[in-house]
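Work through the exercises below with the sequence and the model side by side. Each task is followed by a solution that proceeds step by step.

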Amino acid sequence: MSDRTASPGARWPEIPPFSAGLRCRCPRCGEGKLFVGLLTVAPRCTVCGLDLSRHDTGDGPAVFVILVLGIVVVPLALMLESFAAPPIWVHLLVWPPVILGLAILLLRPMKATMVAYHFKNLRHEYDG
């Protein structure tokens, strides 16, 4: 643990939520890891001691990832169909791994960004 954890009145810099989210770091200090495992939010920040268990993102990250994937994958599938006209098995072979891979890549930073925005909008409840 850091020395800053010990002082209850410590002042923390304003970390932009999008920056903390993309790096999957603590929204208060910007240094501690936000996740334990793939998508499990850590109970506490190991650097500043912020209680992260109270931050609930619900289904928001999944909804945004679905929207992004739909915007990206549907036009690509339509272009493949119109330019090459492959048999249906090609689509079944190509798109599930693409969708799964992009979903896994996007879910962590999206969830971290939503936790960071949750913290930013309710910071007064956490910092006093």
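**Exercise 1.** In this predicted model, determine which side chain of opposite charge is nearest to Asp 51 and how far away it is.

*Solution.* Begin with the location: Asp 51 sits in the loop between β2 (40-41) and α2. Next, take its surroundings, where Asp 51 proves to be buried and yet without a salt bridge. The nearest side chain of opposite charge belongs to Arg 54, at 4.5 Å, and because a salt bridge requires a side-chain nitrogen of Lys or Arg within 4 Å of a carboxyl oxygen of Asp or Glu, this pair is not counted as one. Finally, look for polar partners: the side chain of Asp 51 makes a polar contact, at 2.6 Å, with the side chain of Ser 53.

**Exercise 2.** Identify which residues make the nonpolar surface patch of about 770 Å², and establish which element gives the largest share of the patch.

*Solution.* The patch is made by Val 68, Ile 71, Val 72, Leu 76, Met 79, Phe 83, Leu 105 and Leu 106. Assigning these residues to elements shows that α2 (60-84) and α3 (88-121) each give two or more of them, with the largest share, 6 residues, coming from α2. As a check on one member, consider Phe 83, which lies in helix α2: its relative accessible area is 74%, and because exposed means over 50%, Phe 83 is classed as exposed.

**Exercise 3.** Decide whether Ala 20 is buried or exposed, and find how far apart Ala 20 and Ala 112 are in sequence and in space.

*Solution.* Ala 20 is placed in helix α1 (residues 17-23). Its relative accessible area is 0%, so Ala 20 is buried, given that the class covers values under 20%. For the second part, Ala 20 and Ala 112 are separated by 92 residues in sequence, whereas their C-alpha atoms are 7.3 Å apart in space.

**Exercise 4.** Describe the order of the elements along the protein, and then state which residues of the largest nonpolar core touch the most other members.

*Solution.* The protein has 4 helices and 2 strands, which follow one another from the N terminus as α-β-β-α-α-α. Of its 128 residues, 35% are buried. The largest nonpolar core has 16 residues, and those touching the most other members are Cys 29, Leu 34, Cys 45, Cys 48, Leu 50 and Leu 52. The largest share of this core, 3 residues, is contributed by α3.

Note on methods
Residues numbered from 1 in each chain as written. Predicted model: local features only at pLDDT ≥ 70, side-chain atom pairs only at ≥ 80, totals over all residues. Heavy atoms only, no water. Patch = residues over 30% accessible without salt bridge, like charges linked within 9 Å, V, L, I, M, F, W, Y side chains within 5 Å. Areas by Shrake-Rupley, 256 points an atom, 1.4 Å probe, with all protein chains shown as cover. Buried < 20%, exposed > 50% of the residue type's maximum accessible area, 1.4 Å probe, protein only. Lys, Arg positive; Asp, Glu negative; His and termini not counted. Polar contact = N/O pair within 3.5 Å; in protein donor to acceptor, adjacent residues only side chain to side chain. Core = buried A, V, L, I, M, F, W, Y, C linked by side-chain atoms within 4.5 Å.
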